[in-house]
Amino acid sequence: METSAEIKSSSEDVILSTDNVSKFYPIRKSFLSRSPSRFVRAVDGVSIQLPRRKTTAVVGESGCGKTTLARTVTMLIPPTSGKIMFEGRDITDKKWQNWKELYRNVQMVFQDPDSSLDPRFKVKETVAEPLRGLVGAGGNEVRKQVEESLEAVGLSSEHSDRLPGQLSGGQKQRVAIARAIATKPKLVVLDEPTSALDASVQAQIIKLLLNLQKQYELSYMLITHNIAVAQYLSDQMAVMYTGNLVEYGPTRSVIEKPRHPYTITLIASAPIPNPWKRNLLNIEIKGEVPSAINPPSGCRFHPRCPYAEKICQEVNPPLEAVAPGHYVACHFVNKTA
Amino acid sequence: MASTNSNLLSIRDLTIEYAGSDGTLTAVDQVSLDVPQNKLIAVVGESGCGKSTLGLSIIGLLPTPPAKIAGGKINYKDIDLVPLTEKQRREFRGTEIAMIFQEPLTSLNPVYKVGDQIAEAILVREIRRTKKSQLAANTDIMQKTYSSRSIQTTRIPRFRRHLTSQLRTEIIDALKLVRIADPEQVIERYPFELSGGMRQRVMIAMAISQKPSLLVADEPTTALDVTTQAQVLKLMKELMDEVKTSIFLVTHDLAVASQVADQVIVMYAGEIVEIANVYDLFSDPLHPYSKGLLSCIPAGYKEDTNLEPIPGNVPNLLNPPVGCRFAPRCPYVMKICKEKKPKLVESKQGHLVECFLYGN
């Protein structure tokens with residue numbers, strides 16, 4: 001059995017790793033009560049590694065904690081407990097915390113460009129802001145880099161004087177990507193980057209992300225609920241369920257040989273564009289995603305799981321290796337082989 | 001387009017315009033389609049293609065103004081719905097044509113319990129039924145008075161009035177029909193106490209309890225998680241056969257359409273560009289837009305398959321391109337495409353396409 005400590009690696013190929021990271025949001029009964037009695041366990045003991053120059057997809061349904069995990073690894077929401085190592089340094093360590101250096105190297109792209117872009121900033125000002133604030137660049141240097149970034153995302157100089165309101169949804173997301181790559185970061189966290197876009201525009205952005213990854217040697221952490229997008233873009237795939245990591249491994253291995261009963265259900269319920277393979281109409285799924293305030297005891301999937309036995313109600317299973325680099329958290333992983 | 005009597009709904013040359021401060025845009029432009037009995041028709045397209053407007057026009061819920069039906073017919077069981085007054089249309093809504101919306105939390109009333117809301121749907125159905133039979137008898141003056149009472153004044157279970165046991169059984173049956181595990185408890189809950197999937201099931205229960213012949217579903221699973229989406233789609237497909245209804249499914253997701261539809265209608269910029277049986281559309285898409293849309297869906301791995309995005313953006317409908325509306329983005333564009341508008345023609349048996357590459 002491998003523990004989180006063993007999975008944790010200090011190898012050169014890992015750009016960021018988390019060790020037992022948790023984020024609990026307190027729920028106060030009233031604003032007068034000082035000590036919260038309950039917590040939303042949004043992320044609960046997640047250990048994950050992001051390989052360098054590769055894409056790691058984190059998939060799961062709403063409320064599984066994938067967005068909280070993305071914001072935790074970028075320290076936008078500091079974790080309640082656990083360590084986050086970026087290039088061998090613990091970024092949760094208060095003694096280090098050099099925010100400028102961190103955000104030069106770690107950037108984010110959010111789902112909805114309407115809320116992530118300032119409506120009063122021109123495109124070029126939006127892209128220039130991280131250069132001025134984080135790199136301390138000025139004048140010509142900024143102008144040159146803004147031009148390069150906009151060109152890289154397929155926008156021409158005529159767009160640089162426009163406001164976000166004068167752009168289409170796809171163009172706005174391109175601006176958000178240009179801003180993220182402007183400081184030449186090493187890791188870009190993509191939180192549902194294509195969910196708000198139409199099919200034809202989604203494909204354009206997916207292609208753009210792949211090209212940029214090659215051009216700038218980027219590492220991606222992709223947060224998505226869309227299995228098809230995750231399958232297409234990623235090299236590694238992590239599956240989350242009510243705050244827990246339940247399966248993690250190479251994308252091909254997870255898609256083709258999923259071993260956790262939840263992953264099996266999740267992949268089977270993703271609609272595929274093939275009328276001859278109507279998977280959706282043949283699957284049996286019990287229940288719905290439980291609340292993260294009061295999650296089931298033991299393995300959180302046990303009330304919906306076809307293999308559940310007594311032990312599943314009592315002990316939350318740790319991640320165990322089932323194949324090289326492929327980890328599953330299930331007591332009865334042998335039954336799904 | 002063969003017009004036969006077996007069609008539940010047939011739309012001919014329907015044009016819908018929206019008046020705005022920047023001018024009038026044509027959201028649906030001369031659209032013709034048929035919905036046969038007990039079939040699932042999926043309308044797919046990107047945002048702004050007019051698919052939701054088309055769905056709303058069938059059930060008569062277009063916001064007028066700004067929307068206006070500028071021409072065409074919506075024939076439902078040989079009755080043209082377009083010229084009907086609001087009062088006449090209401091007779092169809094619910095009992096003949098029902099609707100499920102995308103976001104169940106905004107379409108359910110937050111201050112009434114689930115059971116009361118379903119009861120209302122059932123009572124409307126019963127009132128209309130008795131009204132019809134009484135109008136047929138039409139002798140007793142008292143009965144006439146009763147039948148002319150409007151539905152609003154007869155609306156029943158508002159203030160936690162006790163549900164009669166018969167009504168209660170009917171509500172429970174409706175909830176059981178949509179596979180809700182503990183209907184007795186769900187009756188007493190408010191919509192916010194239910195999960196997204198449960199709420200959508202309640203919406204479906206309300207729609208189905210009226211036993212409509214046609215169900216318009218506008219993005220019914222877009223707000224739901226994938227496992228819940230699978231459950232809801234499976235349920236809709238099963239109920240379609242149980243209650244013998246047709247479903248007009250509006251969706252942006254081609255994968256969803258491929259999983260459940262019998263026939264697929266592809267819309268682009270307010271026009272129907274292709275109508276085909278689901279198998280024909282996915283094995284042999286004819287229109288360049290349909291082809292493009294299919295090659296845009298990520299399926300497989302980046303190492304093995306190449307995504308081919310459609311260049312450019314959806315046109316602005318205030319100022320649509322002359323000729324074929326897809327011409328500026330089309331890889332097969334010819335001179336004629338920029339001058340003349342193609343017509344929707346039958347290229348193969350039951351496979352219609354609007355493109356100069358195929359006849360016209």
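# Two-chain model: sheets, helix packing and chain contact

In chain B, 8 strands make up an open sheet with mixed pairing, and their order is 6-7-8-3-9-10-12-11. The edges of this sheet are strand 6 (97-100) and strand 11 (344-348) of chain B; each has a single partner strand, so one side of each is left without a neighbour in the sheet. The structure is a predicted model. Chain A also has an open sheet of 8 strands, in the order 6-7-8-3-9-10-12-11 and with mixed pairing.

**Sheet of chain B**

- On average, neighbouring strands of the chain B sheet are turned by 20 degrees against each other, direction ignored.
- Helix 8 (residues 196-209) of chain B packs on this sheet, where it touches strand 6 and strand 7 (214-218) of chain B. The direction of helix 8 makes about 180 degrees with that of strand 6 of chain B.
- At the other end of the strand order, strand 11 of chain B pairs with strand 12 (residues 351-354) of chain B in the antiparallel sense, over 4 bridges.
- Within this pair, Val345(B) has Val353(B) in strand 12 of chain B as its bridge partner.
- Strand 11 and strand 12 of chain B form a hairpin, with 2 residues between them. In the turn, Gly350(B) has a positive phi of about 70 degrees.

**Sheet of chain A**

- Strand 6 (106-109) and strand 11 (320-323) of chain A stand at the edges of the sheet; each has a single partner strand, so one side of each is left without a neighbour in the sheet.
- Neighbouring strands of the chain A sheet are turned by 20 degrees against each other on average, direction ignored.
- Strand 9 (residues 236-241) and strand 10 (residues 244-250) of chain A run antiparallel and are joined by 6 bridges.
- Tyr241(A) has Asn244(A), in strand 10 of chain A, as its bridge partner.
- Helix 2 (residues 66-73) of chain A packs on the sheet and touches strand 3 (55-59), strand 7 (187-191), strand 8 (219-224) and strand 9 of chain A. The direction of helix 2 makes about 150 degrees with that of strand 8 of chain A.

**Helix 7 of chain A and its partners**

- The axes of helix 7 (residues 169-181) and helix 8 (residues 199-216) of chain A come within 10 Å and cross at roughly 15 degrees. This angle makes helix 7 of chain A roughly parallel to helix 8 of chain A.
- The crossing of helix 7 and helix 8 of chain A is right-handed.
- From helix 7 of chain A, Gly169(A), Gly170(A), Gln173(A), Ile177(A) and Ile181(A) take part in the contact. They meet Val201(A), Gln204(A), Ile205(A), Leu208(A), Leu212(A) and Tyr216(A) in helix 8 of chain A.
- By class, the contact of helix 7 with helix 8 of chain A has 7 nonpolar, 4 polar and no charged residues.
- Helix 5 (residues 123-135) of chain A has an axis that comes within 7 Å of that of helix 7 of chain A, and the two cross at roughly 25 degrees. Helix 5 of chain A is therefore roughly parallel to helix 7 of chain A.
- The crossing of helix 5 and helix 7 of chain A is right-handed.
- Val123(A), Thr126(A), Val127(A) and Pro130(A) of helix 5 meet Val175(A), Ala178(A) and Arg179(A) of helix 7 in chain A.
- By class, the contact of helix 5 with helix 7 of chain A has 5 nonpolar, 1 polar and 1 charged residues.

**Contact between the chains**

- Chain B brings 38 residues to the contact and chain A brings 37 residues.
- On the side of chain B that touches chain A, helix 9 (226-242), helix 10 (254-260), helix 11 (278-283) and helix 12 (288-296) of chain B each supply at least two residues.
- Helix 9 of chain B gives the most to this side, with 9 residues.
- By class, the side of chain B that touches chain A has 19 nonpolar, 13 polar and 6 charged residues.

**Overall dimensions of chain A**

- Chain A has 12 helices and 12 strands.
- The radius of gyration of chain A is 21 Å, which agrees with the value near 20 Å for a compact globule with 337 residues.
- Taken along the principal axes, the C-alpha atoms of chain A fill a box of roughly 65 × 55 × 45 Å.

Notes: Residues are numbered from 1 along each chain as its sequence is written. Chains are lettered from A and ligands numbered from 1 in the order in which they are written. This is a predicted model: local features need pLDDT of at least 70, side-chain atom pairs count only at pLDDT 80 or more; totals for chains, interfaces and linings use all residues. Two strands pair if DSSP finds at least two bridges between them. Axes are lines fitted to C-alpha atoms, for helices over the stretch in contact, and angles run from 0 to 180 degrees between N-to-C directions. Two residues are in contact if their C-beta atoms, placed from the backbone, lie within 7 Å. Ala, Val, Leu, Ile, Met, Phe, Trp, Tyr, Cys and Pro count as nonpolar, Asp, Glu, Lys and Arg as charged, and the others, Gly among them, as polar. Angles under 35 degrees count as roughly parallel, over 145 as roughly antiparallel, 65 to 115 as roughly perpendicular and the rest as oblique. A crossing is left-handed if the near helix is turned anticlockwise from the far one by less than a right angle, and right-handed if clockwise. The radius of gyration is taken over C-alpha atoms; the globule rule is 2.2 Å times the number of residues to the power 0.38.
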